[in-house]
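Let's work through a few exercises on how two chains meet. Keep the structure open beside you as you go.

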Amino acid sequence: MTREVLSGNHAQSHAVRLARAQVISAYPITPQTTIVEKLAEFVATGALEAQLIEVESEHSALQAVVSASALGARTYTATSSQGLLLMHELLHWAAGLRAPIVMGVVNRAVAPPWNIGADHTDTMSQRDTGWIQFYPESNQEVLDTVLVAYRLAETAEVRLPVMVSEDAFYLSHTVEPVDVPEPEIVDRFLPPRTGHAILVPGTVGRLGSFTGPDRYVEFRRELARASAQVPRVLPEVEEEYRRLTGRSHGGALPTYRAEGADAVLVTMGTMTTTARTVVDELRAAGQRVGLAKLRLFRPFPDTELRRLAATVDRLGVVDRSYTFGASGAAATEVQAALYRGPHRPLVAGFLAGVGGRDVTPAHIRRMFAELLGPADPEPRWADLAPLEVDVHG
Amino acid sequence: MIEIRFHGRGGQGAVLASELLAQAAFLDGRSPQSFPFFGVERRGAPVTAYARVDDRPIGVRTSIVTPDVVVVLEPGLLRTTSVGDGLRTGGLLLVNSPLPPARLEAPDGVRRASVDATAIALAHGLGSRTMPIVNTTILGALARVTGVVSLEALGRAIDRYVPAAPAENRAAATDGFASVRLGDPAAPSANGAARIPFAVTVPIPEGPLARLPSSSIRTGSWRTLVPEIDERRCTRCNFCWKYCPDDAIELDGRGYPVLVLDACKGCGICAEVCPPHTIAMVAASEGP
Amino acid sequence: MAKLTLPAEEWMYRGHAACPGCGPALAMRLLLKGLGPRTILAIPACCWTVIATPFPTTALAVAVLDNPIESTGASLAGLRAAADALGLADVTVAGFAGDGGTADIGLQALSGMLERRTDAIFVMYDNEGYMNTGVQRSGATPQGAWTTTTPVAGTRRGKREPKKEIMEVVLAHHPSYAATANPAFPEDLVRKAERARAARGPRFLHILAPCPPGWRFSSEETIALGRLATETGLFPLYEVEDGVYRITRPYGTLKPVDEYVRAQGRFRHWTDAEIRELGAQARAGWERLCRRERETAAVARPPPIPLTA
């Protein structure tokens, strides 16, 4: 193991190198670009033996890895924002063909107006495509999650594509120390992809095909079944990763000081780190607050949320994107998951950090204050109103 | 409510027949509904369309699986398609056929009617020998044996919605109305089961790969004409084999062409390209 | 008994769902005779999506991967990269796309694949319109042709713009091999498929594929019309290898275009003057092609460009 100061993007590139991806295809888009630049360097220097395809669009980037995956190659691509939106059609193809692709997505706002700040609108608007979605909060978690993603994606019962997201700039361009495991360790965790080359040259077989109403639904049902295996398989895979590297990131919904809390904030991505610090601070001041990180958004961790709901009366859910005509995607999904369970705490939705706006400790403090105040489930924009204290205080 | 299912071939006008029926029923002051089943819309391939007529707005939007009436525009479909599926006891099977109703195969307890719509349509210049347009003729027959629409409303619907030769189509409908024959319900057959054959079904394989050869699909049923090869004049040039888009011609050990009846769609290319003209296209019902 | 002039093996199964007399069906049958069983075929949304028959059956005796209509070029890149990464030797990676999936919505991915020197064969079967969806106009529809979206009604007389010259677009990318072919000339088509298979780098075949329902002609005339398309000079057959042109058809003088036009319902509204104009265009195109053949005959071949996916 070596310890290096890496950006989130380069943590992603190192993970792909360690995973020994065989076919990589991508198109430049800020702030994702440095992932692929680093991979190109690895390929050029021989640190990674892979076919690198410099395509002419994101649509083609994903098509190329879908096709490569159908022949049995381990594949990787990365994108962001508009690029992910252009890929939308192929996202459905990747999941529908059961291609175990891993894709890095740097979460960035969607135009107009042009904005390259952190925002989850890009990935949230892909949540119905059948992909597994992770939202790490640190560069270490990015690296580890990419490796876990390959094992999860290639597990026979799952065989689904995975997105590993990074908040733009807060991860993509933030450098911090990262433990990079040795290749021999990763090779033990992630042996070469075998056993499910779907298309075999020289044999008869059509992948994709077409069906009428008589057969189509069975294909969709198979996809649903595969997705339903993730809650069982993920802990097994993460446990094996922990045994080899000593690190685990706590599954689909890791919690922090949530036991006996009056209110728990549910966060995604980088704002979790800030919120954790605020929880410590508020706990020290005698407030009983806690935190839950929505690390896995697809499949949605219903069971874990219901377990959490049994112990707390007020949940605040922070969304870094707005679903127009509704509210935040995470908030509405938490509400839906709990409505089907026996415990139904108050669930309040907060919208914060949209378009790269900082989510500061002061914002988090105010969210907790509102959450502990008069019960109000209405969603609110947490960072539109001016803060009464110094935002960085 | 009366539920009617049309079976025809791509290019024959089955979908238009179903729509025309709806238009005519509307002109009669009734509430119709009509829609096609979208499958493989190929010239000659089996096509299904549905129509419902009631005095109140139709409250269902599904395919028709238990029709009161089945209309078959092309008699060859009786051999290859399960046209009688779900036909209600006491229901009606109306077939474009020169045969008398008693000679039509039908599920038990189903009434049979026949009209020689091909002859009528051709007499009025509708369509060609290989692809007669029989939809208006058979609608005239349907109006007579079911009363679901009036002949007068059908005529007006034809005037408004048939793109070509409305006068000829109206006359064909009138002739269909006049000449349809209604027979008795089909008696239980010897084995007690409906004798209408079912479509070829194939087993569902494991996994997402389609790998069963399509040669199990009998596209030969699409044809209205079939090649007849005069081996005595054949020069064994193999042009017919070379140009066949359906791979429906094999060469025997001596180099003579052998027709693969299950696959031949009757396009006529082989007859057209044959240098010594030893291949003739004959009506499928008379050919091999 | 005449000797077979084509390989006897069939890699297309009978029972497929093409219309009677289908040009694209014959094009596929002949193409696969040239490409052989070690082919991986990328097929976008097109007539062949349906012709190949629904799951679980297939009309193709090779490995096939479906893709959306616009991304065939990218699919070829991915298949080639994976084949190379996995050490799958002697695999022929080929795409089979309609004119829309090649020259309209598929153009970007095609251009990307050609520019990157992807070692694969892109085949465009040209039935001159969106025929699977019921005959709509594409960029490859000829000028003056009726389609459901270019009606002959009021002041309109079919498609107003000329057919997109896809070979010119492709040749601007300097492919290692490009050719036109026509199922009415099976030996020529199969030979070009074999040549394409033997070459390396980006390769392109433009196959004319007459469509009886779309062009409005009777199904038995597919071959006759295909022959006329080439013999009139409207669709000459040629190949370009490393920039050097070679015409393979027609021989001798061009036939008049009248018979070709008059046989098709999509041109039913044409006047004699319009037919004469088309004849002039055919001759001009033919002369341009003959000139290029003469001019490039003496040109030395450029050094080969290294291959990537």
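Here come three exercises on a predicted model, each with a worked solution.

**Exercise 1.** Work out how many residues each chain brings to the contact, and what area is buried between chain C and chain B.

Start with the head count: chain C brings 47 residues, and chain B brings 44 residues. Next, take the area: about 3600 Å² is buried between the two chains. Finally, check the atoms behind that area: carbon and sulfur give 59% of it.

**Exercise 2.** Find the salt bridges and polar contacts across the interface, then describe the chain C side.

Begin with the charged pairs. The rule finds 3 salt bridges between chain C and chain B. B:D247 and C:R14 form a salt bridge through their side chains, at 3.6 Å from N to O; that fits the 4 Å cut-off. Then add the polar contacts: 22 residue pairs, with both residues at pLDDT 80 or more. Now look at which elements of chain C give two or more residues to the side touching chain B: α1 (23-35), α2 (47-51), β2 (57-58), α7 (186-198), α8 (212-215) and α9 (222-231). Of these, α1(C) gives the most, with 5 residues. Last, sort that side of chain C by residue type: 29 nonpolar, 10 polar and 8 charged.

**Exercise 3.** Say in which sense strand β9 of chain B and β2(C) pair, parallel or antiparallel.

First, locate β9 of chain B at residues 212-213. This strand and β2(C) pair in the parallel sense, over 2 bridges. To pin the pairing down, find B:P213: opposite this residue stands C:T58 in β2(C).

Definitions and conventions:
Residues numbered from 1 in each chain as written. Chains lettered and ligands numbered in written order. Predicted model: local features only at pLDDT ≥ 70, side-chain atom pairs only at ≥ 80, totals over all residues. Heavy atoms only, no water. Contact = heavy atoms within 4.5 Å. Buried area = accessible area lost by both parts, 1.4 Å probe. Polar contact = N/O pair within 3.5 Å; in protein donor to acceptor, adjacent residues only side chain to side chain. Helix = DSSP H or I, 4+ residues; strand = E, 2+ residues; numbered from the N terminus. Nonpolar A, V, L, I, M, F, W, Y, C, P; charged D, E, K, R; others polar. Pairing = 2+ DSSP bridges.
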